[in-house]
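Let's take a walk through this model together, starting with what the record says about the chain and then turning to its charged side chains. Keep the structure open beside you as you read.

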Amino acid sequence: MTLPSRRSSTSSRATRIVGGFTLLGVVALLVLGLVVSPPDPIQGETVRLIYVHPASATMCYVGFAICALASIAYLWPRTRNMRWDRLAGASAEVGVAFCVACLVSGSIWGRYSWGVWWTWDARLTLTALLLVVFLGYLALRRTGGDPAGRAKRAAITALCCFIVVPIDHEATNWWVTLHQKDTLFRIGKAPLIQGWQ
């Protein structure tokens with residue numbers, strides 16, 4: 001009887017170091033967010049959701065932006081390579097995961113702040129639409145056929161789906177919504193955030 005061969009690792013020394021620093025950073029942020037940072041005078045302990053919610057939204061946008069940029073790189077004849085298609089697919093999956101985290105954490109926070117789990121507010125509705133269109137993009141990537149043809153269809157679809165991102169981001173500036181406007185990145189103005197928060 002022969003033992004199965006040992007598969008080689010896909011990690012490198014650099015990725016293990018980066019992974020270690022990432023793990024240390026996550027632990028430090030958990031301690032800061034759950035232990036060191038005090039409860040908010042008005043929102044109490046629910047303010048801790050704000051440490052997750054905006055970061056999830058930002059990473060959702062970053063994932064979808066990388067998907068769009070990789071799709072452009074795939075469509076550009078001089079840079080056409082399947083690695084761009086794989087990067088687009090992987091970043092869309094990451095964006096979808098963070099979009100779900102954003103919607104769930106926002107819904108929980110909304111229940112305590114607004115008294116409802118969901119409201120058809122412009123920002124909330126557009127974020128849900130963003131999730132749906134990128135789930136459709138991921139479903140399109142699973143279709144069969146010629147890999148190059150599928151990659152081209154997926155790249156064009158990703159660019160169409162990405163149009164929702166800037167509209168979603170600007171929703172609170174363009175329409176009157178329950179969702180608060182920007183708190184940290186206010187051009188020419190100081191952030192609206194207190195103390196440790």
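A good place to begin is the UniProt annotation: an unreviewed entry there marks residues 14-36, 56-76, 88-110 and 122-140 as "transmembrane region". What you have on screen is a predicted model, and it lets us look at how some of those spans are built. Take residues 14-36 to start with: this span is 100% helix and 0% strand, and its end C-alpha atoms lie 31 Å apart. Residues 88-110 are likewise 100% helix and 0% strand, with 32 Å between the end C-alpha atoms.

Now for the charged side chains. How many salt bridges does a search of the whole structure find? The search finds five, and we can visit several of them in turn.

Start with Arg 141 and Asp 85, whose side chains meet in a salt bridge with an N to O distance of 2.8 Å. This pair ties together distant parts of the chain: Arg 141 belongs to helix 4 (residues 122-141) and Asp 85 to helix 3 (residues 82-113), with the two residues 56 apart. Are these partners buried or exposed? Arg 141 counts as buried because its relative accessibility is 13%, below the 20% cut-off. Asp 85 has a relative accessibility of 4%, so Asp 85 counts as buried too.

Helix 3 also supplies a partner to another link. Glu 93 forms a salt bridge with Arg 142, and their closest N and O atoms are 3.4 Å apart. Here again distant parts of the chain are linked, with Glu 93 in helix 3 and Arg 142 in the loop between helix 4 and helix 5 (147-162), 49 residues apart. The setting can be read from the accessibility values: Glu 93, at 38%, counts as partly exposed, while Arg 142, at 61%, counts as exposed.

Return to helix 4 for one more pair. The side chains of Arg 123 and Asp 168 form a salt bridge at 3.7 Å, N to O. Arg 123 sits in helix 4 and Asp 168 in helix 6 (residues 164-174), so this bridge links distant parts of the chain, 45 residues apart. Arg 123 is buried, at 12% relative accessibility, and Asp 168 is buried with a relative accessible area of 1%.

Finally, look once more at Asp 85 and Arg 141, this time together with Arg 150: salt bridges that share partners join these three residues into one network.

Methods:
Residues are numbered from 1 along each chain as its sequence is written. This is a predicted model: local features need pLDDT of at least 70, side-chain atom pairs count only at pLDDT 80 or more; totals for chains, interfaces and linings use all residues. Side-chain values use heavy atoms; hydrogens and water are left out. A salt bridge is a side-chain nitrogen of Lys or Arg within 4 Å of a carboxyl oxygen of Asp or Glu. Helices (H or I, at least four residues) and strands (E, at least two) are DSSP runs, numbered from the N terminus. Buried means under 20% relative accessible area, exposed over 50%, partly exposed in between (1.4 Å probe, protein chains only). UniProt positions are given in the numbering used here, feature names are shortened, and annotations may be inferred rather than shown by experiment.
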